[in-house]
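Trainee: Can you walk me through this model? I have the sequence and the coordinates open.

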Amino acid sequence: MTAHTPAALVLEDGRIFRGEAYGKVGRTLGEVVFTTGMTGYQETLTDPSYHRQIVVQTAPQIGNTGWNDEDDESDKIWVAGYAVREPARRASNWRSTRSLDDELTEQGVVGISGIDTRTLTRHVRELGAMRGGIFSGPELGSDEQMVAAVKDSSGMVGASLAGDVTTGETYVIPAEGRKRFRVAALDMGIKANTPRMMAQRGIEIHVMPLASTMDEILEIAPDGLFLSNGPGDPATTDAQVELTRQVLDRKLPLFGICFGNQVLGRALGRGTYKLQYGHRGINIPVIDQETGKVAITAQNHGFAVEGEPGEEFDTDFGRAIVSHHCANDGAVEGLRLLSGPAFSVQYHPEAAAGPHDAAPLFDKFVDLMSEAR
């Protein structure tokens, strides 16, 4: 741990939280958001959907289980910065190989500890996610200088970030056991556990770059298309929306998660908007319109699709429905095409980190592909 190096987390409205450096000493800028998960910090930090965001952990103590080489959701830490109340003084877990602080330092992630994360979270809940920065050591300036630097930084609305996190070339994850299906997965920031969940169901996954065309997808003769999670503003995904429309035209089975839900929503003619402070955590209740059942879900998104719970609407591909909504605020949490093999959810059924309530959605995708044959 970086001993007693002063640090400050600065918000664009001028609010400043002072603490100590955690991880790398320096300066970072990004959108300040909070996540409510009490566990799963390694999966959170390596989730590409957090690209360019300063993540505040609402759980008071972080780092207890250290860091291991099995739980990464990508090949690096993606958060722009990290803010915690109390770092664990000692990591204790049989799978741990190093401390969280060491990993943050090794990967160059600027963080801050010792701040009142409860007050910070309440501030963001009341006023909305906003631009911020963490400054420590030599990068600490006057209050005016730090606030000015934050105000000069870019916001999340209009940010096209999926290109930063996508794969450079297609790679294949083989099915476990007998291969039943082949799926083209458009990588907009895919998490490692998603292909793993599909592979367990006999699916061979071809993870493809963001800019992949319909012709390139058809070359692998897929049984279905998967639209992954990812960072940024869904309003910047015109090419991916057009690709999705082509897939819907062909009635190729389609499944989307998180950012993929927003891309499908746009393809179906819906708009998207920025939530006040987003949904981030592993304890968010979602209601299934068809069954009335509630699933406790993992989520990480700052934008949502326009719509009302249970709403049916016309699209260029037939009728569609808002199939799921958030019990907390009514936000759209799922879409389903009633006249075609396409559906999506705003939450993370791969449960990395998080509960397993929604895992059967992967079975639903398998059923769609079986019916389409």
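Mentor: Start with a definition: UniProt positions are given here in the numbering used for this model, and annotations may be inferred rather than shown by experiment. Keep in mind too that this is a predicted model.

Trainee: Which residues does UniProt place under "active site"?
Mentor: The record is an unreviewed entry. It lists three positions under that feature. They are Cys258, His348 and Glu350.

Trainee: How far apart are the C-alpha atoms of those active site residues, at most?
Mentor: In sequence they span 93 residues. In space they gather at one spot, because no two of their C-alpha atoms are more than 11.3 Å apart. The limit is 11.3 Å.

Trainee: Is Cysteine 258 buried or exposed?
Mentor: Cysteine 258 sits in the loop between β14 and α9. Buried means under 20% relative accessible area. Cysteine 258 has a relative accessible area of 1%, so it counts as buried.

Trainee: Which active site residue does Cysteine 258 touch?
Mentor: Leave out residues up to four places away in sequence. The contacts of Cysteine 258 then include Asn229, Asn300, His301 and Tyr347. Also among them is one that UniProt lists under "active site". That residue is His348.

Trainee: What is the relative accessibility of histidine 348?
Mentor: Histidine 348 lies in the loop between β20 and α10. Its contacts include Lys191, Asn229, Ile257, Cys258 and Asn300. Histidine 348 counts as buried, and its relative accessibility is 2%.

Trainee: What is the largest C-alpha distance among the "binding site" residues?
Mentor: The unreviewed UniProt entry puts that annotation on Ser49, Gly230, Gly232, Phe259, Gln262, Asn300, Gly302 and Phe303. They are spread over 255 residues of sequence. Still, they cluster in space, with a largest C-alpha distance of 13.3 Å.

Trainee: Which "binding site" residues does glycine 230 touch?
Mentor: Glycine 230 is in the loop between β13 and α8. At 8% relative accessibility, glycine 230 counts as buried. Its contacts include Met188 and Gly189. Among its contacts, those under the UniProt annotation are Ser49 and Phe259.

Trainee: Where does phenylalanine 259 lie, and what is its relative accessible area?
Mentor: Its contacts include Ala162, Met188, Asn229, Gly230, Gly232 and Gln346. Phenylalanine 259 is part of helix α9. Phenylalanine 259 is buried, with a relative accessible area of 2%.

Trainee: How far apart are the end C-alpha atoms of helix α10?
Mentor: Helix α10 has 13 residues, 360-372. At 1.5 Å a residue, α10 should span 18 Å. The model agrees, with the end C-alpha atoms 19 Å apart.

Trainee: Within what arc do the buried residues of α10 fall?
Mentor: Those residues are Leu361, Phe362, Phe365, Val366, Leu368 and Met369. They line one face of the helix, because seen down the axis of α10 they fall within an arc of 155°.

Trainee: Which helix is part of what covers the buried residues of α10?
Mentor: Several strands contribute to that cover. Among them are β11, β12, β13, β14 and β20. The helix is α6.

Trainee: Which residues are on the face of α4 turned away from its buried side?
Mentor: In α4, Met146, Val147, Ala149 and Val150 are buried. Within an arc of 155° seen down the axis, they line one face of the helix. They pack against β1, β2, β3 and β9. The face turned away carries the exposed residues Glu144 and Gln145.

Trainee: Which element gives the largest share of the lining of the largest pocket?
Mentor: About 480 Å³ of space lies in this pocket. Of its 20 lining residues, the closest to its centre are Phe34, Thr36, Thr121, Arg125 and Tyr277. Both α3 and β15 supply at least two residues of the lining. The largest share, eight residues, comes from β15.

Trainee: What is the phi of lysine 251?
Mentor: Most residues other than glycine have a negative phi. Lysine 251 lies in the loop between α8 and β14, and is partly exposed at 48% relative accessible area. Its phi is positive although it is not a glycine, at about 55°.

Methods. Residues are numbered from 1 along each chain as its sequence is written. This is a predicted model: local features need pLDDT of at least 70, side-chain atom pairs count only at pLDDT 80 or more; totals for chains, interfaces and linings use all residues. Side-chain values use heavy atoms; hydrogens and water are left out. Helices (H or I, at least four residues) and strands (E, at least two) are DSSP runs, numbered from the N terminus. The expected span of a helix is 1.5 Å times one less than its number of residues. Buried means under 20% relative accessible area, exposed over 50%, partly exposed in between (1.4 Å probe, protein chains only). The arc is that of the directions from the helix axis to the C-beta atoms. Contact means heavy atoms within 4.5 Å. On a 1 Å grid over the protein atoms alone, a cavity is a set of points where a 1.4 Å probe fits but cannot get out, and a pocket is an open set with protein on both sides within 12 Å along at least five of seven lines; lining residues have an atom within 4 Å of a point. Grid points are joined across faces, edges and corners, and a volume is the space filled by probe spheres set on the points.
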